[in-house]
Amino acid sequence: MKTMLVVDDMEINRAIFREMFFREFEILEADGGIQALEMLKKEGIDIVLLDIVMPKMNGINFLKEIAKDKNYSNLPIIAVTAEAKYQLEALQNGAWDFIAKPEREEIIKARVFNVLSRKELTIEKERTETLARLQFETEAFQYKLLNSLRKYGVAAWEYDVSKKCIIQNMNSQATHGFDTIVPNVPASLIKSKYVHPDSVDDFKELYREVIQAKPEATRDILVQNADRTGYWWERITYIPLFDIEGKHTKSIGTSIDVTYVHEQETRLEMAKKCASVDSLTNVLNRASFEEKVSFNLQNIDECAAFVLLDFDNFKFINDTYGHIAGDCVLKELAFRMKKALRSTDFVGRIGGDEFALFITGIIDETFLSEKLDAIIKSMASPIDIDSAVLQQTVSMGAALKRGKGNVSFGELYSRADTALYTAKRKGKNRWYM
């Protein structure tokens, strides 16, 4: 129900309007202009019936005061006065209409409802004009943005959220090798293998963020090049755009080539791996093995075994079949060691034909015995090298670590080395702890 404010210093006049409109309006009353101003600040008023001749602040001064505040520009005020000069003065100072005294009820009501209709038309007209202006400004901004991107050679496009299609500029077409409109995105680009399988999850997540209108959605995606002869890394960024009603209708997408960045990262990873891995056997080198074991010793509260491993009489293979054959044997035996262990265990080449194992999560000594017996057995299987069948045995010395922070790498190494010496002295091809 709309609210009507009746402003009149005479109670009887206010009562007449109250009786006349109580069915259509919630009626508020003020006995003068000053009180009416205070009520306007606190209440949501839809229309004002304003007596002109009042003490303290009359209706004309009330109209002048209201005119100073733009918040009341769409507030309909109907002046109530018997004198023609006041009717004209009221209209000149912003009244929407006037009611003469006395006047028939049906005419009064007609004037009130006509004014309210004008108010609704005025508000709708202003809303339409505002929406049209915002629409124009939005489209102008989009046009300038895309033109600026095109000027600097940036691939840019629009993504229509409801139609799930991409509309490309010329730079984007040349970059991606697609027609102007690309339908059913992202599904079609995934199905066609345009997006590399390794990047599918990131690509889906990118478009989930686009649909959610994230302020900036960015992902590096591996995609096919324009002539479909290979792949390149593309950093795709989307910024949402909203229509004049605040609805997310499209997003602007841009991309830059970041292939070099990813190639550099790959080279750095390879260099790091080469720095930590023995180039012949592809197990950890001594420095990396010691680093990983030392971290475990200080931080992991579990039982583990440090095992030194030495191939029995390996010099015979090098002397008889040559160092190339010896290297092949080392690679094969290192492969067997890694295969016999779990992903949580470490294998390292300490030097020459000496290797070390670090076996984590030791439940009990029976578990360790079975694991070491399995390694002894796997090492003894024949190896085919250039038509020669070689057999290599191994001796191992083990030392247990319990808890964390109570033993160093050097201490474990020394204990395992002593155990290895004992295994050799007892006849080789065995382990000792």
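**Exercise 1.** Find how strand 7 and strand 8 pair in this predicted model, and place the pair in its sheet.

*Solution.* Start with the two strands themselves. Strand 7 (residues 165-168) runs antiparallel to strand 8, and two bridges join them. One contact to look up is Ile166, whose bridge partner in strand 8 is Val182. Next, widen the view: the open sheet has six strands in the order 8-7-6-11-10-9, with antiparallel pairing. Strand 8 (181-182) and strand 9 (217-224) are its edge strands, each pairing on one side only. Finally, look for what covers the sheet. Helix 8 (residues 200-211) packs on it and touches strand 6 (155-160), strand 7, strand 9, strand 10 (231-242) and strand 11 (248-257). The direction of helix 8 makes about 140° with that of strand 9.

**Exercise 2.** Work out the strand order of the five-stranded open sheet, then say which strands stand at its edges and why one side of each lacks a neighbour.

*Solution.* Begin with the order, which is 2-1-3-4-5, with parallel pairing. Reading off the ends gives strand 2 (25-30) and strand 5 (97-100); each has a single partner strand, so one side of each is left without a neighbour in the sheet. Neighbouring strands here are turned by 20° against each other on average, direction ignored. Now zoom in on one edge: strand 4 (residues 77-81) and strand 5 run parallel and are joined by four bridges. Among the residues involved, Ile78 has Asp97 of strand 5 as its bridge partner.

Then add the helices. Helix 1 (residues 11-21) lies across strand 1 (2-7), strand 2, strand 3 (47-51) and strand 4, at about 175° to strand 2. Helix 4 (residues 84-92) lies across strand 4 and strand 5, at about 160° to strand 5.

**Exercise 3.** Check whether the span of helix 12 agrees or disagrees with its number of residues, and list its buried residues.

*Solution.* Helix 12 (residues 323-340) has 18 residues, so at 1.5 Å a residue it should span 26 Å. Its end C-alpha atoms are 25 Å apart, which agrees. For burial, take under 20% relative accessible area as the cut-off. The buried residues of helix 12 are Ala325, Gly326, Val329, Leu330, Leu333, Ala334, Arg336 and Met337.

**Exercise 4.** Compare the overall form of the protein chain with a compact globule.

*Solution.* First, the reference: a compact globule of 433 residues would have a radius of gyration near 22 Å, but the chain has 44 Å. Second, the C-alpha trace spans about 130 × 55 × 30 Å along its principal axes. Third, buried residues make up 43% of the chain. To finish the picture, its secondary structure comes to 14 helices and 19 strands.

How values were computed. Residues numbered from 1 in each chain as written. Predicted model: local features only at pLDDT ≥ 70, side-chain atom pairs only at ≥ 80, totals over all residues. Heavy atoms only, no water. Expected span 1.5 Å × (residues − 1). Buried < 20%, exposed > 50% of the residue type's maximum accessible area, 1.4 Å probe, protein only. Pairing = 2+ DSSP bridges. Axes fitted to C-alpha atoms, helices over the stretch in contact; angles between N-to-C directions. Contact = heavy atoms within 4.5 Å. Rg over C-alpha atoms; globule rule 2.2 N^0.38 Å.
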